[in-house]
Each structure stands twice: as C-alpha cells, then as structure tokens.
Amino acid sequence: MTAPITDRLDDPETARTEGQRKMDWARQHMPILRSLRESFEANRPLEGETVAMAMHVEAKTAVLAELLAAGGADVAIAGCNPLSTQDDVSAALDAVDGVTSYARRGVDTDAYYDAIEATIAHEPTITVDDGADLVTRIHELHEDLVPDILGGCEETTTGVHRLRSMDEDGALDYPMFAVNDTPMKRLFDNVHGTGESAMSNIAMTTNLSIAGKTVVVAGYGYCGRGVAKKAAGMNADVVVTEVDPRRALEAHMEGYDVKPMNEAAAEGDIFVTTTGNRDVITRDDFAKMQDGALLANAGHFDVEINLEQLADDTVDRREVRDGIEEYELEDGRRLHVLAEGRLVNLAGPLSMGHPVEVMDQSFGVQAVCVRELVETAYESGVHEVPDELDREVAEVKLDAEGIATDDLTDAQIDYMDSWSHGT
Ligand code: NAI
C-alpha cells in the first residue's frame, strides 16, 4: 500500500517549507475559504466524518483540504492526474493536523491508483472527486463501503458526465453533487480559469508569442469559450471547431471562424482541445498541419489528441524544451505536444492551475456541499447543488470584494411570482 508522501521524499522538511509558502500565498487570496474556515472551526460540522479526496494536489486544493480538516474531518487525499501534483504542497498538506496526503507527481498508472486506494483504506464517509476516478473505484472494488458513505462531490464536467452515465445505468449507489454545474463554479472556473491558465501556460512553456498566431480551439463549451476569448485578447486569430450546431453558431456570432478540424488543421499554429471527448485531433489532421504546430489539451483526460496515432506516424521524437515533446513526421514536419497531451494548465512543468481567486469560488462550493451532505440525507444519484448554497458562496465573495447589490422589494417579489399581470 502506498505510504504518505512524507515517507517517500528524500528531504520532506525542505519540501514542506516551500509547500507551506505556496499555501500561505493561496490562503491570502481565498476570502471565501477563509470565511468558511471561521465557521467550520467554530461549529465543527464534519466532526467524526472521513473525507477521501482525489484532486489536483496544489496549493489551492490544499487550502480546501485543510478547511475540511478544520471542520473536524479526517482527510485523506490523492492526485487526480499523474502530472498535476506539486510534491512540496503534498508534503506540506501531509503535515496538517487531520490530513494524510498520498499524492506524488510523475507516478505511473499503478502508483496513481495505489494512492487512490490508500485514501479508500481510510473508509471514507464522504468523497470529493475531480474526474470521478475515486467514486468509480469505490463502486468497482469497494461496494462494502457504500452503505456508510453519505455522499460525494464532483468538481469537473468529465466527472459529472461519467456519474450521469453511471446513474442512467443504475450503477451509482450514493448521492453525488454536480459541483461543476453550479453558476459559481462553471461560469468562472471553466470559462475564465481555464482560459487564463491554459493560454498563459502555453505562452510560458513555449516562450513564444500568441499575438499574430492562429489558435484553433476545439469545443466551444464553457472551457472553449474562455480559451477562445483569452486567445483573442492576446491578439490571436481564433478558429473554433464544434459538433453541436448551437455552440458552433454561438462561436460564429462571437466573430470566430468556425470550421471542421480537418480544415482548421492546415491553418493552426496552436491547437487547444477543450471537448471532454476522445480523438478530436487525429492522424488525418496531423497530416495537414504546418511544421512547428503546437498541440495542447485542456480537457480532463489525455485522449483528445490521438497521441498513439501521432507516435505511429513519427520517425523521431525528443524533448525540445521542458514540457514540450517534438514528434518528427516522415516528411520532416515537426509537431510539438505540450504536457504529454494532459491538462496543459495543470500538468506542465510551469503549470499552477487556475488563478487562486477562481478556485476560491469552486472550492467554496465544494466545502458547503460537503457540509450539506452531513446535514441533509440525499437519495443515491447525481444531484444539482441547492441554489441557496451557491448563493451563499456568491454573497461571501461579494462581501469580500466590497461589492453591494440591490435587494428585491416585497412588491417586486410578488410581481415576479405572479402570472396575473399583463399590459
Ligand atoms: P462542455 O460540455 O461545456 O463543452 C464541451 C464542448 O465540446 C461541447 O460544446 C461539445 O459540443 C464539444 N465537443 C464534443 N466533442 C467534440 C468534437 N469531437 N469536436 C469539437 N467539439 C466537440 O464542457 P466544459 O465544461 O467546457 O469542459 C470541457 C472539458 O474540460 C472537460 O473534460 C472538463 O472536465 C475539462 N475541464 C478542464 C479544466 C481545466 O482546468 N483544464 C477546468 C474545467 C473543466
């Protein structure tokens, strides 16, 4: 069984100090989690609960994990991507009272699942997932734990898709909140968080300009909208590819070129996939790409760019810069894949994930959902997060920003609730 990270590092103390510094910085910019922490410490809503988490283990996630521990939970955490853990943060988190961290960067598939198994060995009563690997693992291999699980929370679109499929198949045996689908998460994290962090990581990893380039964004969902907007804001020409006619039209009305990938392939300097789907860029597209094209993925799994096909068609392959692998094709063209085709904003050597303020919102929703699972019993299946919880998080954030809003008057509430008024 995987040991906690502290037992696996050569110099855990130095790592811990650096990790704590990163957590201090994040904490300073997370007013929602700070405010929740005051109430969690005072009321201990999670006393006696065990929370297993599979998340990107970096500073913002660490602040969420320590908040849950401050609320009384025993917390065990593993990564949700083999490349997104920051070992120093994982070590700092492992030193927090009530938290055990098993996450380590750069592990192979077996070690990745061993770490998730180690969190399951804590016998969780609540699970917090990003991508649904933890909840599916529990259902596949540890059904005996299910009766004691109050429920769980899912952070991302791909995880919610997986859970809805489980639910439709009658295979989801405890309640799960679709945290991803709340306004406070999806409209900010997926759009602005992914947009800013994906484009800034591409710029930093390559040290190349975005301005004047053609950026092809695959998928115009929440993440795609953000990536397209930030790329356009950095003075790129943006081309969007889609399979949904309404989203294609939306992109068109925003002023972007919309075309099939196989046409866009010949034009793009930079490709960013944000679909949550597989085989979005394939052999037929590689065949048309320009020498030097950059390929990055911002969707949850590393299946959007078909790297197996690319490797098959490659005569030579080398790392040309940290986080950039060059694939040389038979005709001499070179295609450059960032972060091994994994989430470019989280898995690259310079990646730090979303901006702190954005994750404060997403994790604020996570924390109130964990509290809600203890306070209220839910049926098995995927649940929308109750609107009042999302509003609670928004109000704390507005307060922290010093932004005031108007309140509805009684007459306005009556008017909005009534069907009997007309011209
Ligand atoms: P979404 O469902 O809003 O958007 C996905 C879009 O891709 C849809 O409009 C869909 O029609 C389109 N699409 C599907 N297959 C396609 C294909 N073959 N070609 C072109 N378009 C296609 O989902 P959302 O919220 O934008 O999430 C997308 C992915 O990003 C998910 O895997 C999600 O888990 C992940 N994600 C990543 C984050 C990050 O930090 N990088 C943050 C949040 C989500």
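Student: Before we look at the ligand shell, which residues count as nonpolar, charged or polar?
Tutor: Ala, Val, Leu, Ile, Met, Phe, Trp, Tyr, Cys and Pro count as nonpolar; Asp, Glu, Lys and Arg count as charged; the others, Gly among them, count as polar. Please note that this is a predicted model.

Student: How does the shell around the ligand divide by class, then?
Tutor: The shell has 16 polar, eight nonpolar and four charged residues.

Student: And which residues come nearest to the ligand?
Tutor: Of the 28 residues around the ligand, those are T156, T157, T158, E242 and N345.

Student: What does R247 do there?
Tutor: One of its polar side-chain atoms lies 2.9 Å from an oxygen atom of the ligand.

Student: Which backbone atoms are in play?
Tutor: A polar backbone atom of A298 is 2.8 Å from a nitrogen atom of the ligand, and one of H300 is 3.0 Å from a ligand oxygen atom. On its own the ligand has 860 Å² of accessible area, of which the protein covers 88%.

Student: Where does the ligand sit?
Tutor: In the largest pocket. Two or more shell residues come from each of α7 (157-168), α8 (183-206), α9 (222-233) and α14 (344-347). The largest share, three residues, is that of α8.

Student: Why is the ligand said to lie between domains?
Tutor: Because domain 1 (5-185 + 354-401) and domain 2 (193-347) both give residues to its shell.

Terms used. Residues numbered from 1 in each chain as written. Predicted model: local features only at pLDDT ≥ 70, side-chain atom pairs only at ≥ 80, totals over all residues. Heavy atoms only, no water. Near = heavy atom within 4 Å. Polar contact = N/O pair within 3.5 Å; in protein donor to acceptor, adjacent residues only side chain to side chain. Areas by Shrake-Rupley, 256 points an atom, 1.4 Å probe, with all protein chains shown as cover. 1 Å grid on protein atoms, 1.4 Å probe; cavity = no way out; pocket = protein on both sides within 12 Å on 5 of 7 lines; lining within 4 Å. Sits in = over half its atoms within 2 Å of the grid points. Helix = DSSP H or I, 4+ residues; strand = E, 2+ residues; numbered from the N terminus. Domains from an automatic or database assignment.
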